[in-house]
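Trainee: I'm new to this one, could you walk me through it?
Mentor: Gladly, let's have it in front of us before we start.

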Amino acid sequence: MALASTRALAALKSLEKAGLSAWIVGSLARGTFAVHSDVDFLVDCSPEAEDVAFRILESEMRDFPFHFIPSSDLDEMKKTSMMKEAVGASSIRAYACQAD
């Protein structure tokens with residue numbers, strides 16, 4: 001979980017520098033991350049910015065599996081549901097520190 005948390009934190013920071021808001025959802029956000037899990041990113045971006053967001057994630061996550069979920073692909077109900085479990089950089093930083 002430490003490697004996933006460290007890379008996810010770097011990805012969130014890079015997305016933020018690019019002016020994009022993003023959160024971790026899924027197993028890492030719920031604290032149920034396991035050996036074969038991927039990191040799920042919910043990214044608030046326009047369809048035009050999706051390529052940039054994906055390239056940032058790809059660069060930061062390297063060979064670590066991840067799932068890119070652009071908010072523009074979700075209806076409001078699904079986005080609201082995902083945001084209930086979403087965590088940002090401060091929560092990921094805490095996970096990374098706990099695992100050290």
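Mentor: What follows is a short talk about the sheet, the helices around it and one loop residue, and please keep in mind that this is a predicted model.

Trainee: Okay, sheet to begin with: what is the strand order?
Mentor: The sheet is an open one of three strands, with the order β1-β2-β3, and its pairing is mixed. The edge strands are β1, residues 21-25, and β3, each of which pairs on one side only. Direction ignored, neighbouring strands in this sheet are turned against each other by 25 degrees on average.

Trainee: And β1 with β2, parallel or antiparallel?
Mentor: Those two run antiparallel, and five bridges join β1 to β2, the strand of residues 39-44. If you want to find the pairing in the model, look for Ser21, which stands opposite Asp44 in β2, and for Trp23, which stands opposite Leu42 in β2.

Trainee: How many bridges on the other side, from β2 to β3?
Mentor: There are five bridges joining β2 to β3, and here the two strands run parallel. One pair to look at is Phe41, whose bridge partner in β3 is Phe68.

Trainee: What links those two, in terms of a unit?
Mentor: Together with α3, the strands β2 and β3 make a β-α-β unit, and this unit is right-handed.

Trainee: Switching to helices, which strands does α1 lie across?
Mentor: Helix α1, residues 2-17, lies across β1 and β2, and it runs at about 10 degrees to β2. Helix α4, residues 76-83, also packs on the sheet, where it touches β1, β2 and β3, and its direction makes about 125 degrees with that of β2.

Trainee: Why is β2 described as largely enclosed?
Mentor: Five of the six residues of β2 are buried, so the strand is largely enclosed by the rest of the structure.

Trainee: New topic: where does Arg62 lie?
Mentor: Arg62 lies in the loop between α3, residues 50-61, and β3, residues 66-70. Its phi is near 50 degrees, which is a positive value in a residue other than glycine. For background, most residues other than glycine have a negative phi.

Trainee: Is Arg62 buried or exposed, and why?
Mentor: Arg62 counts as exposed because its relative accessibility is 55%, and the cut-off for that class is over 50%.

Terms used
Residues are numbered from 1 along each chain as its sequence is written. This is a predicted model: local features need pLDDT of at least 70, side-chain atom pairs count only at pLDDT 80 or more; totals for chains, interfaces and linings use all residues. Side-chain values use heavy atoms; hydrogens and water are left out. Helices (H or I, at least four residues) and strands (E, at least two) are DSSP runs, numbered from the N terminus. Buried means under 20% relative accessible area, exposed over 50%, partly exposed in between (1.4 Å probe, protein chains only). Two strands pair if DSSP finds at least two bridges between them. Axes are lines fitted to C-alpha atoms, for helices over the stretch in contact, and angles run from 0 to 180 degrees between N-to-C directions. Contact means heavy atoms within 4.5 Å. A crossover is right-handed if, with the strands pointing away from the viewer, the path from the first strand over the helix to the second runs clockwise.
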